[in-house]
Amino acid sequence: MSAPIIWVLIPFATGVLILFLLGERISPLIAGAVAASLAVVALILPIDTAMLLGTISVKIAPSIQFFGRTFALNTADRPLLAIIYGLAALWFFGTQASGTAHRFVSLGLMIVSLLTASIAVEPFLFAALLLNMAAMLVIPLLVPLYQRPGRGIIRFLIYQTLAMPFILFSGWMLAGVEASPGNIGSTAQAGVMLGLGFAFLLAVFPLYSWIPMLTEEASPYATGFLLWALPMFTAVFALGFLDRYAWLRESPQFSNAIRFAGALMAASGGIFASQQKHIGRIMGYASIVETGLVVLALGLASTEVVNIVFLLLVPRGLELAVWSLALSIIKRKAYSLQFSEIQGMARSHPAAAAGIILAHLSMAGFPLLAGFPPRTALWQELAGQSLATSFWAFLGLIGLLIAAFRTLAVFVMAEENKAWELNESWTQRVMLGLGALGLFVLGIFPQALQPFIASLPALFSRLSQ
Amino acid sequence: MATDIISWIAVGLILATSFVTLAHRDWRVILGALAAQYIATFWLTTRHLPFVMGSAKLITGWMVVAALGMTRLGLPTDEDNAEDDFIRHGRGFRIILIGIIALVAAGSMARIEAGTPGLGLPVIAGSLLLIGAGMMQLGLTSDVLRVTLGLLMLLAGFEILYAAVESSILVNGLLAVTNLGLGIAGSYLLAAGSSVFESGDES
């Protein structure tokens with residue numbers, strides 16, 4: 001058995017089987033159990049090391065050949081695999097509580113396995129193709145067959161497809177740049193191509209217009225999953241580029257450009273979020289701010305880049321899961337997520353309202369919540385390099401904070417005589433409670449992530465030197 | 001010499017079919033033009049790729065056309081009435097656009113050939129025409145069929161150029177899957193929300 005078969009082929013095949021064989025009630029449990037098992041296996045079983053199980057010697061081979069190319073997952077990838085499948089399990093277990101269609105878990109498993117394949121493929125450049133394929137699988141998740149596709153989904157499809165040619169071409173050009181590093185013209189061309197590719201993939205300003213559109217027109221839970229999965233794997237892909245090409249990580253112009261893009265995303269996302277009257281769109285803008293912070297971290301001229309990026313990415317999965325689950329619950333009752341429709345809902349759905357506010361505050365970097373420690377770490381590094389950039393990132397978070405207080409005000413704006421009720425189901429309360437607890441645990445004890453994050457710099461050894 | 005002539009004929013075919021996909025109203029004609037475009041794409045990719053890999057691209061392209069065609073056939077005829085007006089009134093504008101794309105392709109192909117020797121002028125011209133026409137298609141409309149068409153044309157143009165620099169079976173296989181996925185995603189989006197499927201019981 002080889003590692004790519006365990007973490008790519010098995011979840012993909014399970015996703016296909018669930019789609020065709022299992023029913024609505026059991027599929028989230030099976031998919032969640034499979035993802036959780038894969039996370040545990042990644043934590044406990046070493047790769048490329050023989051183990052004795054009784055009298056049988058077992059060894060997980062790190063790589064597999066496929067059409068003349070290698071898919072490899074090494075021992076250094078294990079914490080990353082544990083994080084990916086652990087967070088995916090969280091999303092799948094929450095499916096039933098969110099009331100999302102059962103194909104979410106089957107397609108979700110296939111998407112996560114394709115994205116994992118993007119980490120495993122060598123040369124890593126071909127990951128762009130796998131990311132594009134995963135983006136296409138997202139479409140049935142976002143648009144049910146009875147709903148006319150909106151502008152958001154069309155833009156999403158266009159931008160994700162446009163990214164792939166840019167990245168593949170830039171990879172070919174980068175090989176030329178490596179051969180003759182003094183050629184400024186070809187270096188600039190390769191840099192522009194690469195920048196455009198990642199701008200489309202990460203939805204950098206102004207290419208993020210599809211995100212708020214999608215959060216308005218599609219299922220909040222499926223959109224939240226998309227906003228977690230794609231940027232996370234794209235960030236890992238970007239780290240691979242920085243690690244592989246010395247001139248990219250050593251070029252001050254390139255670092256400045258990345259930081260500028262990140263600050264623009266964070267600031268504009270936060271400012272736009274503070275102006276919204278739709279809580280779905282606010283979640284979209286919050287995810288843009290968060291991606292902006294990840295882009296900012298990628299542009300740091302520091303050996304801490306990998307640590308900070310993953311410190312940002314792990315809580316993001318939890319925050320978006322709680323936020324989109326709570327939005328799904330509210331949407332089923334209110335039909336629209338406009339402020340006018342959700343006014344006073346804290347009294348009828350207190351758990352969901354609390355979930356939204358806590359996740360929102362966490363994304364705004366509120367102390368004691370999961371988003372606070374990574375933002376502190378980012379600012380510590382960023383302030384040493386550019387105070388102006390730190391200010392713009394701070395402005396974005398202030399925007400998010402204003403949006404959080406506006407949402408809170410709308411939620412509690414109920415008639416005086418209205419009684420408090422708990423209309424969420426038991427499953428919904430348990431899932432939201434666990435999520436909220438997770439937000440506090442990661443905020444108060446950020447060292448809980450240390451066992452996962454400590455060895456991740458080994459994946460990008462040149463970037464961490 | 002003969003292959004060069006055929007290559008330039010393929011470029012001419014791409015130019016003509018690009019105009020048809022941009023300016024014609026009937027979806028049957030548009031999909032027919034796309035199918036013809038894939039023959040030209042096949043010829044230009046086989047300038048750098050083995051015949052078998054080029055054939056795989058051609059078959060994939062035709063499968064995509066078939067998927068889109070069958071889906072569109074099952075939809076009510078009034079689906080793209082809104083688009084009709086725009087097409088009727090903007091035909092002159094589209095002719096000018098195709099002219100501009102052709103001029104840009106003609107102007108830049110010699111420079112690209114100088115930067116990357118060995119690609120071949122017809123390959124570059126065909127690729128740039130497809131990329132340009134695809135971009136125009138994406139910029140002009142938000143109709144699902146035309147957007148899918150634009151993306152497929154753009155990818156076809158990219159594949160012609162990329163075939164010259166990367167001949168890996170895995171990459172070409174994944175590109176074929178991407179084309180197929182795009183066709184299926186386009187078909188799904190075309191079908192979504194149409195009256196035929198409105199009684200679905202999805203949640």
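1. A friendly start with a small detail in chain B: D26(B) comes out as partly exposed, its relative accessible area being 28%. Its salt-bridge partner is R28(B), with 3.0 Å between the closest N and O atoms. R28(B) is likewise classed as partly exposed, at a relative accessible area of 47%. Please keep in mind throughout that this is a predicted model.

2. How many salt bridges does the structure hold over all chains? The total is seven. One of them is a pairing of R462(A) with D243(A), at 3.7 Å from N to O. This pair ties together distant parts of the chain, 219 residues apart: R462(A) sits in the segment after helix 21 (450–453) of chain A, while D243(A) belongs to helix 10 (residues 220–244) of chain A. The two ends sit in unlike surroundings: D243(A) counts as buried at 7% relative accessibility, whereas R462(A), at 40%, counts as partly exposed.

3. The contact between the chains deserves a good look. Here 35 residues of chain A touch 35 residues of chain B. Together the two chains bury about 3300 Å², and carbon and sulfur atoms account for 78% of that. On the chain A side, L145(A), Y146(A) and F169(A) lose the most area to chain B, together making up 19% of what that side buries.

4. Which residues form the salt bridge between the chains? The count between chain A and chain B is one, and it is made by the side chains of R69(A) and E166(B), 3.3 Å apart from N to O. E166(B) lies in the loop between helix 7 (144–165) and helix 8 of chain B, and R69(A) lies in strand 4 of chain A, so this pair joins two chains. E166(B) is buried, with a relative accessible area of 16%; R69(A) counts as partly exposed at 23% relative accessibility.

5. Polar contacts between chain A and chain B come to four residue pairs, both residues being at pLDDT 80 or more. The elements giving two or more residues to the side of chain A that touches chain B are strand 4 (69–72), helix 6 (127–142) and helix 7 (151–179) of chain A. Helix 7 of chain A gives the most, with eleven residues. By class, that side of chain A has 27 nonpolar, four polar and four charged residues.

6. Helix 8 of chain B (residues 169–191) is worth tracing from end to end. Its 23 residues reach 33 Å from the first C-alpha to the last, close to the 33 Å expected at 1.5 Å a residue. S168(B) caps the N-terminal end, with a side-chain oxygen 3.2 Å from the backbone nitrogen of L170(B). Just after the helix, G193(B) adopts a positive phi of about 80°. Is helix 8 of chain B largely enclosed or largely open? Of its 23 residues, 18 are buried, so the helix is largely enclosed by the rest of the structure.

7. Finally, a look at A321(A), which is found in helix 14 (residues 305–334) of chain A. A321(A) counts as buried because its relative accessibility is 7%, under the 20% cut-off. Leaving aside neighbours within four places in sequence, A321(A) is in contact with L90(A), W91(A) and Y221(A). W228(A) is 93 residues from A321(A) in sequence, yet the two are 8.3 Å apart in space, C-alpha to C-alpha.

Terms used:
Residues are numbered from 1 along each chain as its sequence is written. Chains are lettered from A and ligands numbered from 1 in the order in which they are written. This is a predicted model: local features need pLDDT of at least 70, side-chain atom pairs count only at pLDDT 80 or more; totals for chains, interfaces and linings use all residues. Side-chain values use heavy atoms; hydrogens and water are left out. Helices (H or I, at least four residues) and strands (E, at least two) are DSSP runs, numbered from the N terminus. The expected span of a helix is 1.5 Å times one less than its number of residues. Buried means under 20% relative accessible area, exposed over 50%, partly exposed in between (1.4 Å probe, protein chains only). A polar contact is a pair of N or O atoms within 3.5 Å; within protein, one must be able to donate a hydrogen and the other to accept it, and residues adjacent in sequence count only if both atoms are side-chain atoms. Contact means heavy atoms within 4.5 Å. Buried area is the accessible area (1.4 Å probe) that two parts lose on being put together, summed over both. A salt bridge is a side-chain nitrogen of Lys or Arg within 4 Å of a carboxyl oxygen of Asp or Glu. Ala, Val, Leu, Ile, Met, Phe, Trp, Tyr, Cys and Pro count as nonpolar, Asp, Glu, Lys and Arg as charged, and the others, Gly among them, as polar.
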